[in-house]
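Colleague: I should be grateful for a close look at one part of this model, namely the pairing of oppositely charged side chains. Please explain each step in terms that a first-year student can follow.

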Amino acid sequence: MSQDLWDQLERRAPEIADRAIQAYAAASPRYQGTVPEHLYRHMAHTTREFARLYVRVVKQERELHDDELLLFANRGRERGAEGLPIADFMDAYLVGARTIWDELSRLSRGAPPAVAGDALLRCLQSVMHAGFQAHQEESQAAHSEERENMRAVVRALVDGQATAEFADRVDLRLADSYAILALRFAPHPSESVGDAVGRRLAGRRKVHRITEELTRSLADDTLVALDPDGGLFLVPSEPDRAAADLAAARAAIPRLQRVAGIDVMAGFAHAGSRAEVPAAAGQARHLAQLGSPAEVAVLDDLLFEYQLHHSSEAVPHFLSIVDELRREPDLLVTLKEYFAADFNRRQTARQLHVHPNTIDNRLSRIAKLTGANPRTARGLMSLAAALTIAAESPS
């Protein structure tokens, strides 16, 4: 193998770097052929060092040393902190490697040494791994800080303590009004498979998919505080946009459920001012407990259920009514069908394939067992409240 060939390639490192930058800028939609000064400052140096490192490895017939990868790890860390997309970072390395190979092919008159290709790929793999790992760590740290800042702003808004100065400190802007979407997520099957790390990653992927879809559907400048079980999504709004925001949410949730592959329950409330956010967030959270999958629950549609959902000393008494009926399952089924049939005993009988007299007997038995007579308005209200509370309470 000619040492002179490798010496020539090493001397050509500055020209290789210049051509790599030109090729990278020409192919990038971000730069469209215009080479900014920072590319010469960073990419040129990295490409020159990559070329020289490659030559050393081949000439000395050895593997790379860990300390030789520090430069590339530092470059990855810097680009990650700047927010450079990992795809752009990868393209820069691939363009650099291709330019090195083109120059080697030219110097060798189209016949590079046999070991040259394998050595270049091994060098490329090592420097990219070092750079990508550092980029990922820095990006994750930056994203984690951004996410925690956003969660802190959401908490402050919900607690009624958010100020413009507080938001400015974490580089976020507060709106004067918000549409608030409280969400509950069913577990994804992947969250119950594998070890703890795998399950945690599955939960994060679910939250990431949901956040991306909702942001795309509703607004880019939303405030998000989501966990694998659910959370809050605050969309900047205007005092008179409640109906429009609700319509947008109702269009987004079924699509979100399909994308995420899970059941999603949602509650919606509108805060016409920042001062109204705490009450609206509490309302939306309560509604999310009452809603059905793929639907957006609002107070006007669930006034009765919402009122009963609030805990009080009466709740155990209502639950005891249902406990009594559970001892005789036919009575509980009959009562639910009686409500579903809008208190029509003949329709209830047809649904249950029994005689109407059987329904009469069962209604009498319900009254005797529970003390709430389904033939009276007061009894019906008590029984309806009991069924509603039981449906929303853990069994």
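Modeller: The account below turns to the salt bridges and then to two helical parts of the chain. Please keep in mind that this is a predicted model. Side chains of opposite charge can pair when their charged atoms come close. In this structure the count comes to 25 salt bridges.

Let us begin with a pair whose two members are both buried. Arg-62 forms a salt bridge with Glu-68, and their closest N and O atoms are 2.7 Å apart. Buried means under 20% relative accessible area. Arg-62 has a relative accessible area of 17%, so Arg-62 is buried. Glu-68 also counts as buried, because its relative accessibility is 15%.

Another pair has a partner that is exposed. The side chains of Glu-324 and Arg-327 meet in a salt bridge, with 3.3 Å from N to O. Glu-324 has a relative accessible area of 23% and is therefore partly exposed, whereas Arg-327, at 63%, is exposed.

The next pair deserves particular attention. Glu-328 and Arg-365 form a salt bridge through their side chains, at 2.6 Å from N to O. Glu-328 lies in the loop between helix H12 (315–326) and helix H13 (329–340), while Arg-365 belongs to helix H15 (residues 356–370), so this pair ties together parts that are 37 residues apart in sequence. Both partners are partly exposed: Glu-328 has a relative accessible area of 26%, and Arg-365 has one of 31%. Salt bridges may also share partners, and in this way Arg-12, Glu-15, Arg-19, Glu-103 and Arg-106 are joined into one network.

We may now consider a residue described by its contacts. Thr-388 is placed in helix H16 (residues 377–392). Thr-388 counts as buried because its relative accessibility is 16%. Leaving aside residues up to four places away in sequence, Thr-388 touches Phe-304, Glu-305 and Leu-308.

Finally, helix H10 permits a simple check of geometry. Helix H10 covers residues 277–290, which is 14 residues, and at 1.5 Å a residue it should span 20 Å. The C-alpha atoms at its ends are 20 Å apart, so the expectation and the model agree. The buried residues in H10 include Val-277, Ala-280, Ala-281 and Ala-284. Leu-287, Ala-288 and Leu-290 of H10 are buried as well.

Key: Residues are numbered from 1 along each chain as its sequence is written. This is a predicted model: local features need pLDDT of at least 70, side-chain atom pairs count only at pLDDT 80 or more; totals for chains, interfaces and linings use all residues. Side-chain values use heavy atoms; hydrogens and water are left out. Helices (H or I, at least four residues) and strands (E, at least two) are DSSP runs, numbered from the N terminus. The expected span of a helix is 1.5 Å times one less than its number of residues. Buried means under 20% relative accessible area, exposed over 50%, partly exposed in between (1.4 Å probe, protein chains only). Contact means heavy atoms within 4.5 Å. A salt bridge is a side-chain nitrogen of Lys or Arg within 4 Å of a carboxyl oxygen of Asp or Glu.
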